[in-house]
Amino acid sequence: MAKVTVIGAGNVGATVANAVAHTGCVSDLVLIDIKEGLSEGKAIDMMQTAKLYGFDCRIKGVTNDYAATADSDVIVVTSGIPRKPGMTREELIGVNAGIVNTVVKNASAYSPNAIFIIIANPMDTMTYLTYKTSGKPKNQVLGMGGQLDSSRFTYYISQALNAAPSDVEGIVIGGHGDTTMIPLISKATYKCAPVEKLVSKEVADKIVADTMVGGATLTKLLGTSAWYAPGAAAATMVKSIILDQKKVFPCCVALEGEYGKNDICIGVPAVIGKNGVEKVVELELTAAEKEAFDKSAEAVNKTNSVLKEMGLVK
Ligand code: APR
């Protein structure tokens with residue numbers, strides 16, 4: 001009898017809702033947007049696929065009516081502007097921080113125990129904003145970035161190996177930015193074989209580079225940011241929470257000493273279950289990976305400092 005709210009019924013929000021409905025683990029799903037009619041229309045369109053796909057989730061669309069979101073178990077925040085070609089995710093902060101701040105306050109009032117999954121960009125900073133302003137414990141606020149970036153990483157590896165993506169394991173940590181994410185090529189495997197042993201250094205470097213600009217590549221092609229993989233990535237996180245699967249996903253979480261960091265939300269592997277973030281998994285990193293993680297954290301902190309300048313976080 002789980003209830004999920006998705007805030008923002010644009011490309012990403014609607015895709016999250018659709019993907020969550022297909023997991024079969026949610027009985028009620030509310031799609032909410034500020035734009036009159038948008039979420040109602042998309043929710044009805046999705047409900048008209050229920051018979052065809054055979055899912056039984058009730059999807060309801062509402063315009064800015066937070067009472068309809070009451071008692072949600074999980075709330076996914078996608079409201080905010082996406083980037084245009086040539087923009088970085090960090091450039092969205094001015095508009096998106098205000099939007100995220102408002103919607104989190106509105107939604108928290110009706111669902112005080114909900115676990116928040118943040119997607120709006122710059123995602124690490126929007127997760128930090130939510131954590132700092134919602135008063136929620138750190139396990140109830142997480143950001144979707146690492147799970148998406150890792151899926152893109154395994155895609156690029158599978159392309160290089162001419163292999164099935166599902167046979168590839170790869171993980172991306174650090175910030176969810178073109179220059180801050182860290183695809184851990186040293187830990188990537190194809191059916192237990194280290195990827196670094198299967199491809200040349202040149203190919204490995206290209207896989208890493210392509211992964212880092214994976215989102216920007218799609219933005220250039222689409223004219224806006226991507227939605228299928230972000231939607232699917234968020235749905236895996238929702239499912240792991242609702243079904244208490246305790247899956248390990250790279251995602252953006254508040255660190256208190258782990259990886260030597262404090263007062264930051266950044267991508268690391270974590271066990272995701274009914275309590276949200278149940279445990280941060282500390283990987284053994286090489287010296288170069290540690291250095292990259294430190295640099296990434298520095299960049300995320302710099303973006304977070306804008307929240308202070310905006311007066312949103314003390
Ligand atoms: N409350 C509710 N919905 C809002 C609000 C608000 N205050 N402000 C904006 N929205 C809605 C818009 O009306 C729009 O329907 O958020 C939706 C955003 O949808 P898109 O413009 O299609 O953007 P999308 O591609 O879904 O990206 C959303 O996710 O991946 C990130 O970088 C991306 O920050 C962006 C977010």
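Let's start with the largest pocket, which holds about 790 Å³ of space. How do you find a pocket in the first place? Rolling a probe the size of a water molecule over the atoms shows where empty space is left. Keep in mind as you look around that this is a predicted model.

Which residues sit closest to the centre of the largest pocket? Among the 40 residues that line the largest pocket, those are Thr78, Ser79, Gly80, Ile81 and Pro82. Now widen the view to whole helices and strands. Two or more lining residues come from each of α1 (11-23), β2 (28-33), α4 (93-110), α6 (146-161) and α9 (214-222). The top contributor is α4, with five residues. If you sort the lining by class, you get 18 nonpolar residues, 17 polar ones and five charged ones.

To see where this pocket belongs in the overall layout, it helps to know about the domains. The domain assignment splits the protein into domain 1 (2-144) and domain 2 (146-309). Both of them take part in the largest pocket: each gives at least three residues to its lining.

So how do the two domains meet? Taken over C-alpha atoms, their centres are 21 Å apart. On one side of the meeting, 42 residues of domain 1 are in contact, and on the other side, 53 residues of domain 2. About 3,700 Å² of area is buried between the domains, and carbon and sulfur atoms give 68% of that.

There are charged links too. Four salt bridges are found across the interface of domain 1 and domain 2, while a search of the whole structure turns up 14. Take Arg89 and Asp178, whose side chains meet in a salt bridge at 3.2 Å, N to O. Why is this pair worth finding in the 3D view? Arg89 lies in the loop between β4 (74-77) and α4, and Asp178 lies in the loop between β8 (172-174) and β9 (181-183), so the salt bridge ties together parts that are 89 residues apart in sequence. Another one to look for is the salt bridge between Glu256 and Lys138, where the closest N and O atoms are 3.4 Å apart.

Next stop, the second largest pocket. Its volume is about 430 Å³. Here 20 residues make up the lining, and the ones nearest the centre are Gln147, Ser150, Thr154, Glu169 and Gly170. At least two lining residues come from each of α6, β7 (168-169), α10 (228-242) and β12 (247-256). You met α6 already in the lining of the largest pocket; in the second largest pocket, α6 gives the most, with five residues. As for the mix of classes, this lining has 12 nonpolar, five polar and three charged residues.

Finally, zoom in on the backbone for two details. The peptide bond that joins Asn121 and Pro122 is cis, with an omega of about -5°. You'll find Pro122 in the loop between β5 (115-118) and α5 (123-134). The other detail is at Tyr259, in the loop between β12 and β13 (262-273). Tyr259 isn't a glycine, yet it has a positive phi of about 55°.

Definitions and conventions:
Residues numbered from 1 in each chain as written. Predicted model: local features only at pLDDT ≥ 70, side-chain atom pairs only at ≥ 80, totals over all residues. Heavy atoms only, no water. 1 Å grid on protein atoms, 1.4 Å probe; cavity = no way out; pocket = protein on both sides within 12 Å on 5 of 7 lines; lining within 4 Å. Points joined across faces, edges and corners; volume = space filled by probe spheres on them. Helix = DSSP H or I, 4+ residues; strand = E, 2+ residues; numbered from the N terminus. Nonpolar A, V, L, I, M, F, W, Y, C, P; charged D, E, K, R; others polar. Domains from an automatic or database assignment. Contact = heavy atoms within 4.5 Å. Buried area = accessible area lost by both parts, 1.4 Å probe.
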